[in-house]
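Please keep the viewer open beside this text and follow the stops in order, selecting each region as it comes up.

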Amino acid sequence: MTRHPFEALERLAGGLGTALLAACALLAWLGVGVACLTGVGLLLAPKARALTRAVAERERARLSGLGTPVVTPYLSAPAGRVTRPDGKGALSADPADRRDIGWLACHGTLGVAIGLLGVLPPLGAVRDITFPLWWELLPVGERGSALGIPIYTWPGALAVSLMGVGWVLITVVAGPPLARHRSAGPSSGSDAPRPRPARRRRRAT
């Protein structure tokens with residue numbers, strides 16, 4: 001369980017990194033969907049699947065590094081098409097790939113939002129606390145707090161510094177719960193499903 005604010009910030013920042021990658025992979029799948037209208041989408045789908053696996057594996061490695069071991073769940077090769085018994089082409093016979101796409105949709109949207117909520121307050125704290133040190137170097141029209149409040153006087157600059165302390169309090173109070181929610185939410189979609197046991201071959205009689 002994440003309780004320390006700095007540990008929570010580290011987890012949220014790391015999760016934001018893979019969430020942004022997931023968002024890019026999600027856009028790639030959307031591109032594949034559009035390309036299917038022209039008949040070339042199925043040719044691009046294996047590349048999108050390989051990208052999805054790479055992002056999911058990166059998230060699994062990150063979670064494993066945090067003390068939550070997650071094994072690779074794939075049953076088939078990471079790229080290329082497979083063929084069904086009826087001879088029709090299929091993108092993948094591996095259920096882990098379908099679960100990865102569902103995780104991708106969640107992590108590439110909700111994961112990005114949670115990551116930003118966790119990372120932006122400490123960045124705002126650093127900016128606003130140090131604001132009195134450099135605010136006069138900015139053009140008059142660009143002098144403002146992290147919330148965009150315009151500042152024109154020294155008392156206002158000092159007030160912005162106090163607002164920075166408020167950002168610190170938000171980081172300390174909200175960071176750990178966000179990190180716990182992120183670990184139990186979007187990232188759980190990358191947890192490895194148990195591979196299906198191989199069917200025993202029947203002996204010829």
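The tour goes from the whole chain to its helices, then to one residue, a cavity and the uncertain stretches.

**Stop 1: the whole chain**

Begin with everything displayed as a cartoon, bearing in mind that this is a predicted model. The chain contains six helices and two strands, and if you trace it along the sequence you will meet them in the pattern α-α-β-β-α-α-α-α. Of the 205 residues in the chain, 36% are buried. If you turn on contacts between residues at least 6 apart in sequence, 65% of them join residues at least 24 apart.

Now colour by pLDDT, for which the chain average is 81, with 78% of the residues scoring at least 70. Confidence is highest in helix α5 (residues 131-134), at a mean of 95, and lowest in strand β1 (residues 82-83), at 42.

**Stop 2: helix α1**

Select residues 5-36, which form α1. Its end C-alpha atoms lie 46 Å apart, and this agrees with expectation because 32 residues at 1.5 Å a residue should span 46 Å. Showing side chains here brings up a series of buried positions, among them A8, R11, L12, W29 and V32.

**Stop 3: residue A22**

Within helix α1, centre the view on A22. Is A22 buried or exposed? Its relative accessible area is 0%, so A22 counts as buried, the cut-off being under 20%. Leaving aside residues up to four places away in sequence, A22 touches V55, L104, H107 and G108. Draw a distance from the C-alpha of A22 to that of V112 as well: the two residues are 90 apart in sequence, yet 8.9 Å apart in space.

**Stop 4: helices α3 and α4**

Two of the residues touched by A22, L104 and H107, are also among the buried residues of α3, together with P95, A96, D97, D100 and W103. Select residues 95-107 to see this helix, whose 13 residues should span 18 Å at 1.5 Å a residue, in agreement with the 18 Å between its end C-alpha atoms.

Move on to α4, residues 110-129, where V112 is one of the buried residues, as are G111, I114, G115, P121 and P122. The 20 residues of α4 should span 28 Å at 1.5 Å a residue, and the 29 Å between its end C-alpha atoms agrees with that.

**Stop 5: the cavity**

How many cavities of 30 Å³ or more does a search of the whole structure find? The search finds one, and the space inside it comes to about 60 Å³. To locate this cavity, select L117, G118, T171, A174 and G175, which are the closest to its centre of the 13 residues in the lining. Helices α1, α4 and α6 (154-184) each supply at least two lining residues, and the largest share, five residues, comes from α6. By type, the lining divides into 10 nonpolar residues, three polar and no charged.

**Stop 6: the uncertain stretches**

Finish with residues 79-90, over which pLDDT stays under 50 and for which the model has 17 contacts beyond four places in sequence. Then select residues 185-205, where pLDDT again stays under 50, and where the model has 32 such contacts, counted beyond four places in sequence. Where pLDDT is low, predicted coordinates should not be read in detail.

Conventions
Residues are numbered from 1 along each chain as its sequence is written. This is a predicted model: local features need pLDDT of at least 70, side-chain atom pairs count only at pLDDT 80 or more; totals for chains, interfaces and linings use all residues. Side-chain values use heavy atoms; hydrogens and water are left out. pLDDT is the predictor's confidence in each residue, from 0 to 100. Helices (H or I, at least four residues) and strands (E, at least two) are DSSP runs, numbered from the N terminus. Contact means heavy atoms within 4.5 Å. The expected span of a helix is 1.5 Å times one less than its number of residues. Buried means under 20% relative accessible area, exposed over 50%, partly exposed in between (1.4 Å probe, protein chains only). On a 1 Å grid over the protein atoms alone, a cavity is a set of points where a 1.4 Å probe fits but cannot get out, and a pocket is an open set with protein on both sides within 12 Å along at least five of seven lines; lining residues have an atom within 4 Å of a point. Grid points are joined across faces, edges and corners, and a volume is the space filled by probe spheres set on the points. Ala, Val, Leu, Ile, Met, Phe, Trp, Tyr, Cys and Pro count as nonpolar, Asp, Glu, Lys and Arg as charged, and the others, Gly among them, as polar.
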